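I opened the model today to look up its cores, its sheets and a few helices. My entries follow in the order in which I looked.

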Amino acid sequence: YLMNDPETPAIAMYLEGTKDGRRFFNTLREATKKKPVIVWKGGRSTAGARAVNSHTGSLASSQAIWDAMLKQTGAIAVASIEEAVDAIAGLVHTKQPTGRNIALIAMTGGQSVAITDQFESYGFNVPELSDASYARFAEFFTIIGGSYRNPFDAASTIRSEAENLQKILEILADEPVIDGGVALEFRSRGFENPGDLEEILDLLDDYRNKTNLPVILLMPTHGVMTGDTEEAAQVKDRVVERGFAVFPSFERGAQALGRIVDYHTARAEA
């Protein structure tokens with residue numbers, strides 16, 4: 001039903017076993033040809049398998065068999081509810097990436113290192129840009145201690161100066177080496193005027209529509225720059241309403257986007 005439902009953009013499931021493995025395999029393979037299917041299989045460990053048997057009566061089977069089956073059918077394997085939700089958010093709220101060369105924009109030098117480590121650990125490249133692009137950046141990117149290399153240490157540029165963010169995104173949109181889109185560290189403080197937030201979201205929307213590449217926002221849920229809980233929740237809700245995928249950490253954003261790239265790459269090669 002769900003594979004043929006036009007209002008269902010993606011399918012996610014938790015399961016502990018199946019009574020008819022061959023039928024499940026064939027149905028899953030058919031479904032993934034039409035839309036993404038996310039599978040969270042419980043009972044991966046020995047003790048977990050015992051718990052599954054007690055819960056549903058499903059007998060343990062080799063995890064290697066499950067992993068191979070999911071890979072052969074083109075399903076997206078996850079290991080927790082958080083990973084499932086992240087994958088859904090990425091699939092529903094991002095453009096289809098064409099590669100793994102990504103632009104990363106962080107708010108401080110330390111965070112630019114941390115975000116790069118996470119995205120590279122999930123198979124992304126953070127490439128140098130062309131000399132022409134760097135020449136354009138040098139015309140306006142004068143923040144003391146900031147960097148306009150990739151990853152970008154943008155400091156207050158993103159939070160308070162939409163004009164500079166527009167220039168950054170325009171340069172990245174013209175940069176052919178970037179085929180994986182943009183991941184942006186996004187903080188909830190500094191939006192006393194709701195129009196400031198909308199202006200930034202408009203710029204990000206323009207970028208993804210012009211390039212047809214993903215834009216994901218990374219909003220840490222802890223730390224001195226996240227703002228109070230109510231403020232952060234309101235900003236996040238508005239970002240999601242505008243159709244952007246939001247992740248609470250660099251790692252979760254990198255992992256989710258990596259799964260999306262893998263899915264689209266596999267579909268293109270099938």
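Which residues have the most contacts inside the largest nonpolar core? I noted that this is a predicted model before I began. I found Phe137, Leu172, Phe186, Leu204 and Leu217 to be the ones with the most contacts inside that core, which has 33 residues.

Next I looked up where this core comes from. At least two residues each are supplied by strand 4 (103–106), strand 6 (182–185) and strand 7 (215–218), and likewise by helix 6 (131–138), helix 8 (162–173), helix 9 (194–211) and helix 10 (229–241). I also noted another core apart from this one, with 25 residues. Ile102, Val126, Phe250 and Leu257 are among them.

I then picked Leu217 and asked what it touches. Leaving out residues up to four places away in sequence, I listed Leu184, Phe186, Leu201 and Leu204, and further along the chain Val239, Phe244, Ala245, Val246 and Phe247.

Entry on the five-stranded sheet. I read the strand order as 5-4-6-7-8, in an open sheet with parallel pairing. Why is one side of strand 5 and of strand 8 left without a neighbour in the sheet? Strand 5 (152–153) and strand 8 (245–247) stand at the edges and each has a single partner strand, so one side of each has no neighbour there. I checked the pairing of strand 7 with strand 8: the two run parallel and are joined by three bridges. For Leu218, I found the bridge partner in strand 8 to be Phe247.

Entry on helix 10. I counted 13 residues, with a reach of 18 Å from the first C-alpha to the last. That is close to the 18 Å expected at 1.5 Å a residue. Just after helix 10, I noted a positive phi of about 85 degrees at Gly243.

Entry on the three-stranded sheet. This open sheet has the order 1-2-3, again with parallel pairing. Strand 1 (11–15) and strand 3 (76–78) are at its edges with a single partner strand each, so one side of each is left without a neighbour in the sheet. Direction ignored, I noted that neighbouring strands here are turned by 25 degrees against each other on average.

Which residue of strand 3 does Trp40 stand opposite? I found Val78 there. Strand 2 (residues 37–41) and strand 3 run parallel, joined by three bridges.

Last, I looked up helix 4 (residues 81–93), which lies across strand 1, strand 2 and strand 3. I noted an angle of about 175 degrees between helix 4 and strand 2.

How values were computed. Residues are numbered from 1 along each chain as its sequence is written. This is a predicted model: local features need pLDDT of at least 70, side-chain atom pairs count only at pLDDT 80 or more; totals for chains, interfaces and linings use all residues. Side-chain values use heavy atoms; hydrogens and water are left out. A nonpolar core is a set of buried Ala, Val, Leu, Ile, Met, Phe, Trp, Tyr and Cys residues joined through side-chain atoms within 4.5 Å. Buried means under 20% relative accessible area, exposed over 50%, partly exposed in between (1.4 Å probe, protein chains only). Helices (H or I, at least four residues) and strands (E, at least two) are DSSP runs, numbered from the N terminus. Contact means heavy atoms within 4.5 Å. Two strands pair if DSSP finds at least two bridges between them. The expected span of a helix is 1.5 Å times one less than its number of residues. Axes are lines fitted to C-alpha atoms, for helices over the stretch in contact, and angles run from 0 to 180 degrees between N-to-C directions.
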